[in-house]
Amino acid sequence: MKTVIKFEEVFMFLFSIFLFGQLDFAWWWFPLLLFTPDLSMLGYLHNSKTGAMTYNFIHHKGVGLLVYVLGIVLSMPVMQLAGVILFGHSSMDRIFGYGLKYSDSFQHTHLGMLAGGRKT
């Protein structure tokens with residue numbers, strides 16, 4: 001099942017590249033911004049509960065899609081770009097096994113434990 005899920009995420013990541021291609025931004029914006037959603041991990045500096053909340057909010061694909069659609073409705077290409085980046089980054093993370101976080105540990109995700117992590 002993990003292979004099927006990863007395969008699905010690859011298609012969603014490719015879809016984010018397609019959506020980006022529909023926008024009027026230089027190609028280099030996509031790789032430049034692709035890792036900016038990881039700034040949400042700064043919540044872990046406070047504690048694991050705050051970290052999980054900030055990480056999960058930013059990495060929720062629904063948030064990315066909502067931002068993208070609002071960008072269309074409001075005719076704001078930068079907002080569309082932000083939505084595409086949020087959606088694409090979340091798909092990319094899930095390809096590599098980084099799922100939404102439980103509040104007990106960064107390594108404890110909805111996809112299982114990350115390598116080297118153990119549930120406390």
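Modeller: Contact here means heavy atoms within 4.5 Å of each other, and the structure under discussion is a predicted model.

Biologist: With that meaning of contact, which residues does G83 touch once its neighbours within four places in sequence are left aside?

Modeller: G83 is a residue of helix α5, and it belongs to the α5 side of the meeting between α4 and α5. When its neighbours within four places in sequence are set aside, the residues in contact with G83 are G64, V67 and Y68.

Biologist: Is G83 buried or exposed?

Modeller: The cut-off that matters is that buried means under 20% relative accessible area. G83 has a relative accessibility of 1%, and therefore it counts as buried.

Biologist: How are α4 and α5 oriented relative to each other?

Modeller: Two packed helices are described by the angle between their axes and the distance between the axes. For α4 (residues 61–73) and α5 (residues 77–95), the axes come within 7 Å and cross at roughly 160 degrees, and the crossing in which α4 passes α5 is left-handed. Angles over 145 degrees count as roughly antiparallel, and the two helices are therefore roughly antiparallel.

Biologist: How many of the residues in the contact of α4 with α5 are nonpolar?

Modeller: On the α4 side the participants include K61, V63, L65 and I72, while those on the α5 side include M79, F87, S91 and R94. Of the residues in this contact, two are charged and six are polar, and the number that are nonpolar is 11.

Biologist: Which helix supplies the largest share of the largest nonpolar core?

Modeller: That core has 12 residues, among them F13, F20, Y68, L81, V84 and I95. At least two of its residues come from α1 (2–21), and at least two from α5. The largest share is five residues, and the helix supplying it is α5.

Biologist: Which residues is F20 in contact with, leaving aside its neighbours within four places in sequence?

Modeller: F20 is a member of the largest nonpolar core, as are F30, L81 and V84. With its neighbours within four places in sequence left aside, F20 is in contact with F25, A26, W27, W29, F30, L81 and V84.

Biologist: What is the value of phi at S75?

Modeller: S75 has its place in the loop between α4 and α5, and at 60% relative accessibility it counts as exposed. Most residues other than glycine have a negative phi. S75, a residue other than glycine, has a positive phi, with a value near 55 degrees.

Note on methods: Residues are numbered from 1 along each chain as its sequence is written. This is a predicted model: local features need pLDDT of at least 70, side-chain atom pairs count only at pLDDT 80 or more; totals for chains, interfaces and linings use all residues. Side-chain values use heavy atoms; hydrogens and water are left out. Axes are lines fitted to C-alpha atoms, for helices over the stretch in contact, and angles run from 0 to 180 degrees between N-to-C directions. Helices (H or I, at least four residues) and strands (E, at least two) are DSSP runs, numbered from the N terminus. Angles under 35 degrees count as roughly parallel, over 145 as roughly antiparallel, 65 to 115 as roughly perpendicular and the rest as oblique. A crossing is left-handed if the near helix is turned anticlockwise from the far one by less than a right angle, and right-handed if clockwise. Ala, Val, Leu, Ile, Met, Phe, Trp, Tyr, Cys and Pro count as nonpolar, Asp, Glu, Lys and Arg as charged, and the others, Gly among them, as polar. Buried means under 20% relative accessible area, exposed over 50%, partly exposed in between (1.4 Å probe, protein chains only). A nonpolar core is a set of buried Ala, Val, Leu, Ile, Met, Phe, Trp, Tyr and Cys residues joined through side-chain atoms within 4.5 Å.
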